[in-house]
Amino acid sequence: LAAGLTPGLSIAVVEGDRVLWKRSSGLADLGTGRPVTEETMFYLASTSKALTALCTAVLAERGALSLDDPLSRFFRDVRLAEGLSADSIRMRDLLTHTHGIDPMGPVSLRVAFTGDYTNQQLLDLLPAHRAAKRGRTFQYSNLGYDLAALALSPSSKGGWKDVVAREVTEPLGMRLTTSSVSRVPEERLAQPHELGPAGFERIPLAKEDANMGPAGGHFAAAGDLARLLLAELNGGQVDGVAVLSPEAIAETQRLQVAQDRDFAGYHRHGWGLGWDLGTYEGDTLIHRFGGFSGYRCHVSFMPRHRIGIVILMNGGDASGSLIDVMATGIYD
């Protein structure tokens, strides 16, 4: 903060079955001078994938659906581009980025940016997404999560929001987490900022209820995400209470598909459900980061050491490297 690398930040560190340390500092809004507090809510961007995937795993464990159900089970008359079959693309493939559908196209654009769609329109637009040139190999994108969320609640636009709240965030006691911007009180909103010629400047918030998607569609406080990490580290238990299915938790952390890429000092060797599986200094690091105009989010945990870290910032691109350096400093 003294170096001017982010307007504000909020941190939570968990160890074992408790929140070890929390700190919120800096400003949520440079324009008004409003400070970041423990109740300040930041946009999570792609970290939302961990919540959407966990919700699906919980439903699968209960028998409400199967991760191996094909797309055609949820959408009987769905049409896909040449070379693709709705009978061979499973829910698991959608959540592991191995569905083989080229993500470049109108569906994710409408879900994450314009917000101009109905569920049926998204299905009608699917043939515009060609078969991926890389086939069914791992290819990270938002598209699989957009389609998985349609399957969670096909009858209403944004219905996935209520499902994820009912199955995950509410049972975990994440009271400062929402997928609707309109439900974030002004006094709790971390406003987005980007670094300009004269320093950080507040930029317009590019998210509204309509374009909050399942691949990136939550605002949350750091303490709430600490509760998610406690559940992940303790087989679904939080505060000594069994909240979520341990089998569902284990399924999200299990290696589902291999990947081979480096990101911010971490090597990613696999993907679970909603989580990157990687290593840092030889230790397994399960993580899911998020970035969007004006925001950066780091959520990760080391199962062997039973340590987890949440860091949220409202400094946009300028905070990108800082947030991971801070996390690795805490792990060190």
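Colour the chain by secondary structure to start, and this predicted model shows 10 helices and 16 strands. With the whole chain in view, its radius of gyration is 19 Å, close to the 20 Å that the globule rule gives for 332 residues, so the chain is as compact as a globular protein of that length. If you align the view to the principal axes, the C-alpha atoms fill a box of roughly 55 × 40 × 35 Å.

Next, switch on the surface, which has an accessible area of about 13500 Å², with 49% of that area belonging to carbon and sulfur atoms. Beneath the surface, buried residues account for 59% of the 332 residues in the chain. Of the contacts with a separation of 6 or more, 64% are made by residues 24 or more positions apart. Selecting the charged side chains gives 32 positive and 38 negative ones, and the centres of these two sets lie 2 Å apart.

Now select the cysteines Cys55 and Cys297. Which cysteine sulfur is nearest to that of Cys55, and how far away is it? The nearest is that of Cys297, 19 Å away, and Cys55 is in no disulfide. A pair counts as a disulfide when the sulfur atoms are within 2.5 Å, and by this rule the count for the model is zero. Cys297 is likewise in no disulfide, with the sulfur of Cys55 as its nearest cysteine sulfur. Cys55 has a relative accessible area of 0% and is buried, and Cys297, at 2% relative accessibility, also counts as buried.

From there, move to helix H9, residues 246-253, where Ala248, Ile249, Glu251, Thr252 and Gln253 are buried. Which elements do these buried residues pack against? The helices are H1 (48-62), H3 (91-95) and H8 (222-233), and the strands are S13 (276-280), S14 (283-292) and S15 (295-302).

Follow helix H1 to Ser48, which lies in that helix. Ser48 has a relative accessibility of 0% and so counts as buried. Leaving aside neighbours within four places in sequence, Ser48 is in contact with Pro214, Ala215, Gly216, Gly217 and His218, a set worth displaying as sticks together with Ser48.

Two loop residues come next, for their backbone angles. Select Asp239, in the loop between strand S9 (237-238) and strand S10 (241-242); its phi is near 55 degrees, a positive value in a residue other than glycine. Is Asp239 buried or exposed? With a relative accessible area of 54%, Asp239 is exposed. Then select Ala264, in the loop between strand S11 (257-263) and strand S12 (266-271). Ala264 has a positive phi of about 50 degrees although it is not a glycine, and at 42% relative accessibility Ala264 counts as partly exposed.

The last stop is Gly272, in the loop between S12 and S13. This glycine has a relative accessibility of 0% and counts as buried. Not counting residues up to four places away in sequence, Gly272 touches Leu95, Thr96, Thr252, Arg254, Gln256 and Leu277. Among these contacts, Thr252 is one of the buried residues of helix H9, which brings the tour back to that helix. To finish, draw a distance from the C-alpha atom of Gly272 to that of Leu125: the two residues are 147 residues apart along the chain, and their C-alpha atoms are separated by 28 Å.

Conventions
Residues are numbered from 1 along each chain as its sequence is written. This is a predicted model: local features need pLDDT of at least 70, side-chain atom pairs count only at pLDDT 80 or more; totals for chains, interfaces and linings use all residues. Side-chain values use heavy atoms; hydrogens and water are left out. Helices (H or I, at least four residues) and strands (E, at least two) are DSSP runs, numbered from the N terminus. The radius of gyration is taken over C-alpha atoms; the globule rule is 2.2 Å times the number of residues to the power 0.38. Buried means under 20% relative accessible area, exposed over 50%, partly exposed in between (1.4 Å probe, protein chains only). Contact means heavy atoms within 4.5 Å. Accessible areas come from the Shrake-Rupley method with a 1.4 Å probe; for residues, only the protein chains shown count as cover. Lys and Arg count as positive and Asp and Glu as negative; His and the chain ends are not counted. The place of a charge is taken as NZ of Lys, CZ of Arg, CG of Asp or CD of Glu.
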